[in-house]
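Colleague: I have a structure open and would like to talk it through slowly. Could you put it up on the screen?

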Amino acid sequence: MNKMFRTLLTASILIASVSTTAFADNYVVGQDIHTQNKVNFNSSTMLASFTGVTDKVEGNANVDLKNLKKSSGEIKVMLETLDTGIGKRNEHMKGVLNTAKNSLAIFKLKALRTTLKTLPAYKTVVANASGDLTINGVTKPVTTLLNLTYMPEKDKSYRQGNWIHLTTNFNVKLSDYGIKAPGIIPLKVNDTVGL
């Protein structure tokens, strides 16, 4: 029988511009009173399905709104803060993910491809993002679709600065990152998880 740890990872992240150069805007992961950053993982097992969630996300990006292909960035997720709603399961998950030694999942953007050269205001653009994902100290290439929405400052009393909202989801096979699914009960946990 094949043991799979199936996980779907979903991220909803808001980045705010902090400075502008002649070529690109520098952004950092931020939150405001209207939006919360959130990373979910969904795991389906033979016996149960559950979701872990955290808002402990850091990162930065360099985005050229006139030439998206020049974009770069890095997102870090604090894995030890994932909450599944059950304390014992959270502790067990931290052990499985080896968060005592490798507490971060890190995605480094290498390339952003889209049919559009510029990022229009208040319109969601789908882009193909490729980069490196590091989990448990192991780095693997990942390609995913990003939904990007650029929100330039309109009203300082509502939201100060320029913002980009990004969402994505993709599957992760934990065994590729040296993480072994618990084997107490055969088929208890799947090997692929979604982000």
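Modeller: One term before we start: a contact, or touch, means heavy atoms within 4.5 Å. With that in mind, Val 138 touches Leu 133, Asp 176 and Tyr 177, leaving aside residues up to four places away in sequence.

Colleague: What should I know about where the model comes from?

Modeller: This is a predicted model, in which local features need pLDDT of at least 70 and side-chain atom pairs count only at pLDDT 80 or more, while totals for chains, interfaces and linings use all residues. Residues are numbered from 1 along each chain as its sequence is written, and side-chain values use heavy atoms, with hydrogens and water left out.

Colleague: And what is the mean pLDDT of the protein chain?

Modeller: pLDDT is the predictor's confidence in each residue, from 0 to 100, and its mean over the protein chain is 82, with 80% of the residues reaching 70 or more. Over residues 1-6 the pLDDT is below 50, although this stretch has 29 contacts in the model beyond near neighbours in sequence.

Colleague: Which secondary structure does the protein chain have?

Modeller: The protein chain has one helix and eleven strands, where helices (H or I, at least four residues) and strands (E, at least two) are DSSP runs numbered from the N terminus. Val 138, for example, lies in strand 9, which covers residues 138-151.

Colleague: Back to Val 138, then: is it buried or exposed?

Modeller: Neither, because Val 138 has a relative accessible area of 25% and is partly exposed; buried means under 20%, exposed over 50%, and partly exposed in between, with a 1.4 Å probe and protein chains only.

Colleague: Changing topic, how many salt bridges are there?

Modeller: The structure holds five, a salt bridge being a side-chain nitrogen of Lys or Arg within 4 Å of a carboxyl oxygen of Asp or Glu. One of them joins Glu 74 to Lys 108, with the closest N and O atoms 3.6 Å apart, and this pair links distant parts of the chain, since Glu 74 is in strand 6 (residues 72-78) and Lys 108 in strand 7 (residues 104-113), 34 residues apart.

Colleague: How exposed are the two partners, Glu 74 and Lys 108?

Modeller: Glu 74 is buried at 19% relative accessible area, whereas Lys 108 is partly exposed at 44%. Both also belong to a network of salt bridges that includes Lys 76.

Colleague: Which salt bridge lies in the helix?

Modeller: Glu 91 and Lys 94 form a salt bridge, and both lie in helix 1 (residues 87-97), three residues apart, which is about one turn of the helix.
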